[in-house]
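Colleague: I'm new to this one, so could you walk me through it? I'd like to hear how each label is earned.

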Amino acid sequence: MFDHSHLPNVGLTNGTIPPQIYQALNREIVDIHTNDKDIVRMNTSLAGQITKEYQITKSLPLLNPYLEEMGRAYQKNWNYYPKENPNNNKLTVESVWVNMQKKLEVNPLHNHDGTLSFVAWLHVPFKLEDERNMENCKNSRTVELASTFQFVYTTALGTIANCPMFVESGWEGKIIMFPSKLLHMVYPFQTSDDYRISIAGNLY
């Protein structure tokens, strides 16, 4: 009886990093963690309140073509070709970095430079059920947001909305691409002394 439609808007594109690239990234990150003496630290360029943030370089010959293919797929699917793109809509990877996030470290609300950005998870050392059962979380009305990655945006009505990604152990290899201007944040985790390891970067 009735037809329904969405108002035009952009969205998210999801994927899984191919095993060869995933393994190369893990090898590079292990090397960085073992000896970071000559590795470029990214802290002063990033919003994260995270001690270990480093530039990724060795894996880029494998990673960049995959990211650029994903970026082209994003633009085609969402018809996202912003006029301010300085590369005439020929996307290229500008920077990639790794976040080695420890317990209680936070990545506050921020956005990126560029046309498209991405985040991918390489190691997540906790389950959300355990995070939500922490004493300071379990009775909160926002308990479902504990330790999540979250996008924040305005709706077609001008109200503020959030879109949490329920990242936990088992998300290794997953990647999400989104417009660089889209605000996002990462809540801290509490139940593991291991690192939550993710990579992120920008395409222009």
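Modeller: Let's start with one pair of residues: G15 has I175 in β8 as its bridge partner. Keep in mind that this is a predicted model.

Colleague: How do you know that β1 and β8 pair?

Modeller: Two strands count as paired if there are at least two bridges between them. β1 and β8 have four bridges, in the antiparallel sense, so they pass that test.

Colleague: What is the order of the strands in the open sheet?

Modeller: The sheet has six strands, in the order β1-β8-β5-β10-β3-β2, with antiparallel pairing. The twist averages 20° from one strand to the next.

Colleague: Why do β1 and β2 stand at the edges?

Modeller: β1 (13-16) and β2 (52-55) each have a single partner strand, so one side of each lacks a neighbour in the sheet.

Colleague: Which strands does α2 lie across?

Modeller: β1, β3, β5, β8 and β10, and α2 runs at about 50° to β8.

Colleague: Why are α1 and α2 called oblique to each other?

Modeller: Two packed helices are described by the angle between their axes and the distance between the axes. The axes of α1 and α2 come within 9 Å and cross at roughly 135°. Angles over 145 would count as roughly antiparallel, and 65 to 115 as roughly perpendicular. The crossing falls in neither range, and α1 and α2 are therefore oblique. The crossing is left-handed.

Colleague: Which residues make the contact between α1 and α2?

Modeller: On α1, Q20, I21, A24 and L25; on α2, L62, L63 and Y66.

Colleague: What makes a group of residues a nonpolar core?

Modeller: The residues have to be buried and nonpolar, joined through side-chain atoms within 4.5 Å. The largest such core here has 29 residues, and L67, V98 and I199 have the most contacts inside it. Its largest share, six residues, comes from α2. A second, separate core has 15 residues, including W121, L128, V167 and I176.

Colleague: What is V98 in contact with, leaving aside its neighbours within four places in sequence?

Modeller: I29, I32, K52, E53, Y54, I56, I197, S198 and I199.

Colleague: How do you know that β6 and β7 pair?

Modeller: At least two bridges are needed, and six join β6 (residues 149-154) to β7 (residues 160-165), so these antiparallel strands qualify. V152 stands opposite N162 in β7. Their hairpin has five residues between the strands, and G158 takes a positive phi near 85° there.

Conventions
Residues are numbered from 1 along each chain as its sequence is written. This is a predicted model: local features need pLDDT of at least 70, side-chain atom pairs count only at pLDDT 80 or more; totals for chains, interfaces and linings use all residues. Side-chain values use heavy atoms; hydrogens and water are left out. Buried means under 20% relative accessible area, exposed over 50%, partly exposed in between (1.4 Å probe, protein chains only). Helices (H or I, at least four residues) and strands (E, at least two) are DSSP runs, numbered from the N terminus. Contact means heavy atoms within 4.5 Å. Axes are lines fitted to C-alpha atoms, for helices over the stretch in contact, and angles run from 0 to 180 degrees between N-to-C directions. Angles under 35 degrees count as roughly parallel, over 145 as roughly antiparallel, 65 to 115 as roughly perpendicular and the rest as oblique. A crossing is left-handed if the near helix is turned anticlockwise from the far one by less than a right angle, and right-handed if clockwise.
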